[in-house]
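Trainee: I'm new to this one and would love a close look at a single spot. Could you walk me through it slowly?

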Amino acid sequence: MPATLFTKQLITRQTRTMPLPKTLILCVVAATLAACAAPGSFAPGKNTMTQVRAQVGTPTDIRFAPNGAELWEYATGPSGTETYLFRFARDGRVEAVTQLLTEEQFGKIVPGQTTKDTARDLLGRPSNTLFTQDGVSWSWHVRVGNRDGQFVVEFGPDGVARNKKVNLEGSPS
């Protein structure tokens, strides 16, 4: 066999790709997910913006509080049931991490008083928006106890909450 033919066959054999076993792929995916930090694992005063972004990723929203604090929102919507808000001090360190979609936060929505801006600050961005002829409804996918559902806030044309309710899956509306 001529040397060039042998070399060509050897190179061809070496460059063939073999499919990775499914278990190896699953292990890589599992390890990657395990490496992601849970938002609640960050310590106020210790972790920085750089560390949060490196471990949690790009926020779904960045805004600023009236006092100048930078707020990073990590929403898992529209199907997720958690939205975390990181509040950073002026020095770039984590000041607080808050899970926004809780029953305590829902209780802060007061019909006749709460504006859309306040609701947005309390609960993060809504999962869904429904425009009606007399206002707009915002909803968030939530977990109450061990049940999933929707927390809904209806706003009038003036942008003030008129009604709020929780619709749990399997419950009458």
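Trainee: What does Lys-165 count as at its relative accessibility?

Mentor: Happy to help! This is a predicted model, where local features need pLDDT of at least 70 and side-chain atom pairs pLDDT 80 or more, while totals for chains, interfaces and linings use all residues. Residues are numbered from 1 along each chain as its sequence is written, and side-chain values use heavy atoms, without hydrogens and water.

Lys-165 counts as partly exposed because its relative accessibility is 34%, between the limits for buried (under 20%) and exposed (over 50%), with a 1.4 Å probe and protein chains only. You will find Lys-165 in strand 8, which covers residues 161-168; a strand is a DSSP run of E with at least two residues, and a helix one of H or I with at least four, numbered from the N terminus.

Now look at what surrounds Lys-165. Setting aside neighbours up to four places away in sequence, Lys-165 is in contact (heavy atoms within 4.5 Å) with Gln-150, Phe-151, Val-152 and Glu-154. Val-153 sits 12 residues from Lys-165 along the chain, and 6.7 Å separates their C-alpha atoms.

For a contrast, try Gln-105, which counts as buried because its relative accessibility is 7%. Gln-105 belongs to helix 4, running over residues 103-107. Beyond four places in sequence, Gln-105 touches Gln-99 and Leu-100, and also Leu-122 and Leu-123. So keep the pair in mind: Lys-165 is partly exposed, whereas Gln-105 is buried.
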